[in-house]
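Biologist: Please take a close look at one helix pair and its surroundings, and state the cut-off behind each term as you go.

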Amino acid sequence: MPRWLVSCSLAVVLLLVPNFGSGKTTGEPVHRIDTQKKIVALTFDDGPDPVYTPLILETLHKHRVPATFFVLGSQVDKYPSILKWIVKAGHEIGNHGYHHLDLNKLTEQQVFDEIKQTERAVLQTAGVFTQFYRPPGGVITHDVRNAVQSSGYDIIHWSVDPRDWSLKRTAAVIVDSVKRHVTPGDIVLFHDGGLNQKETLAALKQLITDLKSQGYRFVTVSQLLSEQAGS
Ligand SMILES: [Zn+2]
């Protein structure tokens, strides 16, 4: 093959390689980062929700706190204006799959399709590419790992889980759970979709005030990861 053709082929291949994510794509989930800085990433799963996502956005706006929303593609297609609102407010969008299925039962291709269907929904609705994937339930099988690697995503889990989705968890319990466990570099898991968001919302208001008074600063997941890269 002539050299110019090799160069052209290489250029085409390079152009086709997705350039999203942190470039790690090891298939290993990120739970938190090691840092001395008092920074924390708040994350919200299972939205957009027509009632509670706007209320959470208002609270975040009032306190000037950025967050990351791991959205479901099916919810994005139902409530596109709320996704646009999240993006316009400057928050980060993560990918939580399309239907919130049990990943233990899915093939690699089905997991890949879940990710890509949501990626398309977010891109078409709000014009942003998702680069982080949070598997529903945090489930990682061999097929999930392969699907995520071939999609070019990074898997983002969490390190603080106040189980705010449980109807048994009051706002006070959620607040107490986060405050007892949180340390610099943590990723906190909340839900803006589900059944218990009234308590999540009340807890969020209290937590932002309390953690700020402890000297914590809030960042998006990509800001958190860039701190790790720079340390
Ligand atoms: Zn979920």
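Modeller: Of the 231 residues in the protein, 42% are buried, where buried means 20 or more other C-beta atoms within 10 Å of the residue's own, exposed means 12 or fewer, partly exposed lies in between, and C-beta atoms are placed from the backbone. This is a predicted model, in which local features need pLDDT of at least 70 and side-chain atom pairs count only at pLDDT 80 or more, while totals for chains, interfaces and linings use all residues. Residues are numbered from 1 along each chain as its sequence is written.

The protein has nine helices and seven strands, taken as DSSP runs numbered from the N terminus (helices H or I, at least four residues; strands E, at least two). The pair to examine is α5 (residues 108-126) and α6 (residues 142-151). These two helices pack with their axes 8 Å apart and at an angle of about 45 degrees, the axes being lines fitted to C-alpha atoms over the stretch in contact and the angles running from 0 to 180 degrees between N-to-C directions. That angle makes α5 oblique to α6, because angles under 35 degrees count as roughly parallel, over 145 as roughly antiparallel, 65 to 115 as roughly perpendicular and the rest as oblique. On the α5 side the contact is made by E108, V111, F112, I115 and K116, and on the α6 side by D143, V144, N146, A147, S150 and S151, contact meaning C-beta atoms, placed from the backbone, within 7 Å. By class, these residues divide into five nonpolar, three polar and three charged; Ala, Val, Leu, Ile, Met, Phe, Trp, Tyr, Cys and Pro count as nonpolar, Asp, Glu, Lys and Arg as charged, and the others, Gly among them, as polar.

Leading into α5 is the loop from β3 (92-95), and K105 has its place there. K105 is exposed, because 10 other C-beta atoms lie within 10 Å. Its C-alpha is 9.6 Å from that of T141, although K105 and T141 are 36 residues apart in sequence.

As for the interior, the largest nonpolar core has 57 residues, of which A41, V71, L83 and V188 touch the most other members. Helix α5 supplies the largest share of this core, five residues; such a core is a set of buried Ala, Val, Leu, Ile, Met, Phe, Trp, Tyr and Cys residues joined through C-beta atoms within 7 Å. Not counting residues up to four places away in sequence, V71 touches G47, P48, V76, L83, I93, H96 and V122.

Technical notes: Two residues are in contact if their C-beta atoms, placed from the backbone, lie within 7 Å.
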